[in-house]
Amino acid sequence: MTLNNKLLKREYKKTLFPVMFSILGGIINTLIDSIFVSQKLGQSGLSAVNLSMPIYLIMCTFGSLVGSGASILSANELGRENNVKAKEYCRYGITLCVLAGAVLTIAGLILCRPISTFLAGNDTELTELVYGYILITIFGCIPLLISYFPIYYLPLEGKTHDISIMMVIMIGCDVLFDLLFIYILNLGTYGAATASLLSTLIACVYSFIKLEICNSDFKFGFSKLRKNDIISILRTGSPTAMGNLADTLKLLFLNIIITEVGGTGYIAVWSVLNTLSELSITVTSGVPSAASPLIGVYYISKENKSLSIITKLEVRYGILLSTVFCLAIIIFHEFIEMLFSFEYSIMLPILCLGIYAIFDSIGSILIGFFNCTEKIALSNVMVALRKLILPILSILFCAENNLYLWLFLPISAILTVVCEIILVLYYKKNKTDTPLSFPLLLDERMEKENLVLDFTTGLSSEEICNASDQIQNFCKDNGFDKKITMYIQLAIEEILVIIATNDNSLESADLRVIALPNEKVLRIRYSGKEYNPFSQSLDNDEMMGVAMLSKIASNVKFSYVIGMNVTNVLF
């Protein structure tokens, strides 16, 4: 009996592409602004949008800090079957974002002019273009922060398709508003930023209305903030925020270094590479973000084999999709050059970026995993290396040794993977007395002591009977008496038959049996629409076995978590 990846692969794929699309939507907004502005205002307009990005990233830093932190904690609470606390974390996060957004807006409006001057240097024309983009972006601070919540919480409700609709609305509105404000009303960078603001606001309103009418557990609302819960949210979300903050600092330092080395010609190339690298974030951030709800739930219930399957799926899809991205930007390099009004080839810098994306996708997966499994400090160290320290050291190394400058991109990504492996080995050896697995650092004592059995079974009558019969060896090895063994076999047979009868499309279910000193647990996970086999009338003959089981078991719990049905039977 083995655990296969059918259920997890189905749920992961169901989440992966909408989450990637949600990240792509925000990136495309910026990309659309860059293209429209560069076509209308030339390379000075493109540079202005690029130079304004640190301010945008600072806002994204706080939005992702609170949104990711709250959603991971909510996923952990769902794993503990504490739905009330899971809802509270959502409301805490929204309240915190509104209050912080108001403070950032006021501070930004006061400091907008000096910030623009600092970012643009002594170029008066460029300063005005930067000022226009930053000013409108600051006005949209609160909607931008709040927009992270539907993206993080819709997967917890199993409503990932709504993320795609939200992004279609955002992208479509941004194109229309850009055409209106930049080309018809001729508002320049003011118009580009206004288009992004309005499209984000409309998409955000849609998503919260959708959560409201779908009777979601995670609705727009406020709650009185508590110090401990705020600290928990900020701590849990710190790796995501650290990533955004590091991106902001990296962009500032790299802009200075690249300008110093190659002048305006290199900074124009870097503007394109930076814009394209934002597209690669669709993969490097989307792959681990899609796995985050699954990891949060499975980690709390200590399902290590499932966590290993999830990570393997991440690596597989991460390498595949980043390779597709690499090939795409190489094949279409001439189109990219035309799009950004380049009169010379930039294929080699684009090639360096493509290789970088492949290795960077691997580096991001471990960071996301450790963030969700309560190894926050380790995750933060990896983020600082990946996002800030290694890129800057790599570009300085290339510049000092007269190497091709854009080689710093693949060099930094390869070094990131190497450093992460070293850090994991160090943590495994020195940070705990508990034996941990490599590279996920999971406590596998229960598996090694044969106290837990994870396996997948088909739902035909023959496969259900085989699963029931084969589990006897596990029960025997753990000293179960014959009565408990018979109860577990009865539970498997009755529950699986009922769920298979209710949904003919189900092919399999994942089972987990745990041998605790004073309690034996059977957990059954299956996909499809929400269905609790114990919620039906137990009076008819078909439900006789389930009715008997509900009396025999010490407790029966059912929950519908991240699009999966979970039935726990305790003896």
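This passage describes a nonpolar surface patch and an internal cavity in a predicted model.

Eight named residues make up the patch: M347, L348, L351, I355, F397, L403, Y404 and L407. The patch is nonpolar and lies on the surface. Together, these residues have about 630 Å² of accessible area. Helix α14, which spans residues 347-372, gives the most to the patch. Its contribution is four residues. L351 lies in this helix, α14. The relative accessible area of L351 is 31%, so the residue is partly exposed. Patch residues must have over 30% relative accessible area, and L351 has 31%.

The interior was examined next. Rolling a probe the size of a water molecule over the atoms shows where empty space is left. The count comes to four cavities of 30 Å³ or more. The second largest cavity has a volume of about 360 Å³. Its lining comprises 30 residues. Among them, K250, N274, S277, E278 and I281 lie nearest the centre of the cavity. Six elements give two or more residues each to this lining: α1 (6-41), α2 (43-79), α10 (238-284), α14, α15 (376-400) and α16 (408-430). The largest share comes from α10, with 13 residues. Helix α14 thus appears in both settings: it gives four residues to the nonpolar patch and two or more to the lining of the second largest cavity.

The lining of the second largest cavity is mixed in character. Its residues divide into 14 nonpolar, ten polar and six charged.

Conventions:
Residues are numbered from 1 along each chain as its sequence is written. This is a predicted model: local features need pLDDT of at least 70, side-chain atom pairs count only at pLDDT 80 or more; totals for chains, interfaces and linings use all residues. Side-chain values use heavy atoms; hydrogens and water are left out. Patches are made of residues with over 30% relative accessible area and no salt bridge: like charges are joined within 9 Å, nonpolar side chains (Val, Leu, Ile, Met, Phe, Trp, Tyr) within 5 Å. Accessible areas come from the Shrake-Rupley method with a 1.4 Å probe; for residues, only the protein chains shown count as cover. A salt bridge is a side-chain nitrogen of Lys or Arg within 4 Å of a carboxyl oxygen of Asp or Glu. Buried means under 20% relative accessible area, exposed over 50%, partly exposed in between (1.4 Å probe, protein chains only). On a 1 Å grid over the protein atoms alone, a cavity is a set of points where a 1.4 Å probe fits but cannot get out, and a pocket is an open set with protein on both sides within 12 Å along at least five of seven lines; lining residues have an atom within 4 Å of a point. Grid points are joined across faces, edges and corners, and a volume is the space filled by probe spheres set on the points. Ala, Val, Leu, Ile, Met, Phe, Trp, Tyr, Cys and Pro count as nonpolar, Asp, Glu, Lys and Arg as charged, and the others, Gly among them, as polar.
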